[in-house]
Amino acid sequence: MEDAFAPARLGPVDLRNRIVKAATFEGRTPEALVTDDLIDFHTEFARGGVGMTTVAYCAVAPEGRTERRQLWMRPEAVPGLRRLTDAVHAEGAAISAQLGHAGPVADGAQHRRPVTPSRMISPLALRPTLRPDVTHIRALVRAHADAALLAEEAGFDAVELHFGHNYLISAFLSPLLNRRRDAYGGDLAGRARLAREVAEAVRGAVGGRLAVTAKLNMTDGVPGGLSPDDALRTARWLESDGTLDALELTAGSSLLNPMYLFHGTPPRREFAAAFPSPALRVGLRAAGPVFLREYPYRPAYLLGLARRFRAALTMPLVLLGGIAERAAVDRAMAEGFEFVAMGRGLLRTPDLVRRMRENPVEPDRCTHCNLCMPTIYTRTHCPVAEAG
């Protein structure tokens, strides 16, 4: 059993412990550039003891954002990102950039048409999506590598490739969303090709200098979506390719079933009120019980599914989902996971890692009400903590 609070190695990077702040969109980049507010957000977690914090969401192209205020990787963003990485390093933590393309989750009503594996009507933009041809796909692969190089220039220690939640690469993995019949569709080998090419390109660009990880869906949590069996086969291919230093295991679809990842109380009324589009507000109020389903919260709720991946793989794995108390951290280490990732627990208690290290029975103060979820449209925070 590894000691989660002892120093650890992630690829070429030394971390002071095995606890990672998971990527959660911060809602603090109104001009799609780094702000002092974003820097304060991440330095608070670094000061609170995490081994590494993850910046989300760093889109590899402007149309790859879920909304227009999100960061996207371009030279103009580098000076601000350098200020951010320097501030986190000054607190003793490492920092990762989550790179990806939102694909069908992108809000094409605010910028460009969403890119999806196959043509569909975007439920967010309410307009037809763009099906990329092979030339476009190759450009998207290069965009991930270029974004990784910019992350290196900005001082990041790691990059996390977003292969989950039905963002673009996850959508290519899904037989429900990917109905192509060319080399990037059809059987699982075709549907997994984009993920493998992106990982290979990023590894070629920054491997050996930055840690390269990926956030991979174990299941989409929707009928006809990516199954655990296919996800595990994809993970085995990624392992055999040798392109990744670790896999962070996740689940659910931001497009079709977001609560499968989060668990706990679905904030239906608050989400409907927070949506920028009047049409989407009305639609979410009507479809709330179907779209935002309820999954009871329990500590380490993705562990049962993740055990299959741990038993089948030798590469380092990051356990996510319900890691908000010392017992869950220790359980993950005992079951062979090299790292854990924490999200909502840290939003509620930014110095939770320090508290857990000093007090093994430090309680989980997160109420799992998920009221933090709708705050991404303004400024991501824990409303319960703010209320005192």
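Is Tyr-297 buried, partly exposed or exposed? In this predicted model, Tyr-297 is partly exposed, with a relative accessible area of 23%; buried means under 20%, exposed over 50% and partly exposed in between, for a 1.4 Å probe and protein chains only. Local features need pLDDT of at least 70 and side-chain atom pairs count only at pLDDT 80 or more, while totals for chains, interfaces and linings use all residues. Residues are numbered from 1 along each chain as its sequence is written, and side-chain values use heavy atoms, leaving out hydrogens and water.

Turning to the overall fold, the protein chain has 15 helices and ten strands, taken as DSSP runs (H or I, at least four residues; E, at least two) and numbered from the N terminus. Of the 388 residues in the protein chain, 60% are buried. The C-alpha trace spans about 55 × 45 × 40 Å along its principal axes.

Aromatic pairs come next. Rings of Phe, Tyr and Trp (its six-membered ring) pair if their centres lie within 6.5 Å, with planes under 30 degrees apart counted as stacked, over 60 as edge-to-face and the rest as tilted. Five aromatic pairs result from this rule. One of them is edge-to-face, because the rings of Tyr-260 and Tyr-295 have centres 5.3 Å apart and planes at 80°. Tyr-260 lies in helix H8 (residues 259–262) and Tyr-295 in the loop between helix H10 (278–291) and helix H11 (303–312), so this pair ties together parts 35 residues apart in sequence. Tyr-295 is buried at a relative accessible area of 19%, whereas Tyr-260 is partly exposed at 22%.
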